[in-house]
Amino acid sequence: MAGGNGWRPTAPLQNLQQRARILERIRAFFAERGVLEVETPALSTAAVTDTHLESFTTQYTGPGLARGTALYLHTSPEFPMKRLLAAGSGPIYQLGKVFRNGEAGRRHNPEFTLLEWYRPGYDHHALMDEVAALAAPLLGLEGRPVEKLGYREAFLRHAGIDPLAASPDELQACARGLGITGFDDENERDVWLDLILTHAVEPNLGRDGLCFIHDYPASQAALARLNPENPRVAERFELYYLGVELANGFHELADAGEQRKRFTAELEAREERGLEVVPIDEYLLAALAEGFPPCAGVALGVDRLVMLALGAESLAEVMAFTIDNC
């Protein structure tokens, strides 16, 4: 039974006050730019198929469903927001809670605040500029240069290997040379790329200001378009500051058929790894098939942003309560 001082907030009151001011500034930023704030359901009959994410599951029982039906807490509001875009919403943003099972630590909490927005008519480069316009003042980085670095260039600079050309064996040898051990049985390129990225590349990113990594390998496209001039890479970016990943954005895929293929491939990978095979979001696919506007979208971790803005060492210092005392 919980007791003692465990009821107290993990964050100091002054940090929560500064957090509230940052949220006010975020909303003011979008109001000034005519971007509509929306709210979508946290529950869905479908779940994310990404092998790196696990959804929380709950059970709904009610009229007509006495035996119940499974519902999933969203890991991101992306799918219903895209349905709004297909219905003609124009530029939209959402600021709210999302849920990812199995993620807890200094920079992770299974329930956290995500800022997600979509810009019809933008590509990923235009959206990077807007992300920087929002994040730089909040982090006290106004006037500092913003670095945009290709994924391949980042690996060549910080790990000494070409991530697009190297074989799994070459990537494994590179990882071993960097002191990364404990993954002898892995032979997938993306596993080694992720290990090299997190251990050797990420710690060097954004040391003096905002740093965007863009044009990820096509195998890591997720919901991004492939570059028509270089299909080896996807039009995807991530934002880093002081070695911490803050945002993940895409020039959004609008092809329903291609998106279904990707979902199906991810479900096959989940089955191979012994993960739950979850329902595909048919509503999203129907929206894409109906007509989805060319646009770019991004998700930004608000808790991490506040943590860095306040010079804190962990999310617990900027969240009222974490998984440890919720």
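Helix 1 and helix 9 cross in a right-handed sense. Keep in mind that this is a predicted model. Below is a quick tour of three helix pairs and one pocket.

**Helix 1 with helix 9**

- The axes of helix 1 and helix 9 (residues 302–309) come within 10 Å, crossing at roughly 120°.
- At that angle, helix 1 counts as oblique to helix 9, because the bar for roughly antiparallel is over 145 degrees.
- On the helix 1 side you'll find Arg19, Ile22, Leu23 and Ile26, and they meet Val302, Asp303, Leu305, Val306 and Ala309 of helix 9.
- Sorted by class, this contact comes out as seven nonpolar residues, two charged and no polar.

**Helix 1 with helix 3**

- Helix 1 (residues 13–32) also packs on helix 3 (residues 124–138), with the axes 11 Å apart and an angle of about 150°.
- The pair is therefore roughly antiparallel.
- Here, too, there is a right-handed crossing, as helix 1 passes helix 3.
- Helix 1 brings Ile22, Arg25, Ile26, Phe29 and Phe30 to this contact, while helix 3 supplies Glu130, Ala133, Leu134, Pro137 and Leu138.
- Of these contact residues, eight are nonpolar and two are charged, with no polar ones in the mix.
- Ile22 and Ile26 are worth a look on screen: they meet residues of helix 3, and they also turn up in the contact with helix 9.

**Helix 7 with helix 8**

- Further along the chain, helix 7 (residues 256–272) and helix 8 (residues 282–291) have axes that come within 8 Å and cross at roughly 155°.
- That angle is why helix 7 is roughly antiparallel to helix 8.
- Ala256, Gln259, Arg260 and Phe263 make the contact from helix 7, and their partners in helix 8 are Glu282, Leu284, Leu285, Leu288 and Ala289.
- The class split for this pair is six nonpolar, one polar and two charged.

**The second largest pocket**

- How much space lies in the second largest pocket? About 160 Å³.
- Its lining includes three arginines, namely Arg106, Arg107 and Arg207.
- Leu242 and Val244 line the second largest pocket as well, along with Met307, Leu308, Gly311, Ala312 and Glu313.
- By class, the lining of the second largest pocket has five nonpolar residues, four charged and one polar.
- Met307 and Leu308 of that lining fall within the residue range of helix 9, which is 302–309.

Technical notes
Residues are numbered from 1 along each chain as its sequence is written. This is a predicted model: local features need pLDDT of at least 70, side-chain atom pairs count only at pLDDT 80 or more; totals for chains, interfaces and linings use all residues. Side-chain values use heavy atoms; hydrogens and water are left out. Axes are lines fitted to C-alpha atoms, for helices over the stretch in contact, and angles run from 0 to 180 degrees between N-to-C directions. Helices (H or I, at least four residues) and strands (E, at least two) are DSSP runs, numbered from the N terminus. Angles under 35 degrees count as roughly parallel, over 145 as roughly antiparallel, 65 to 115 as roughly perpendicular and the rest as oblique. A crossing is left-handed if the near helix is turned anticlockwise from the far one by less than a right angle, and right-handed if clockwise. Contact means heavy atoms within 4.5 Å. Ala, Val, Leu, Ile, Met, Phe, Trp, Tyr, Cys and Pro count as nonpolar, Asp, Glu, Lys and Arg as charged, and the others, Gly among them, as polar. On a 1 Å grid over the protein atoms alone, a cavity is a set of points where a 1.4 Å probe fits but cannot get out, and a pocket is an open set with protein on both sides within 12 Å along at least five of seven lines; lining residues have an atom within 4 Å of a point. Grid points are joined across faces, edges and corners, and a volume is the space filled by probe spheres set on the points.
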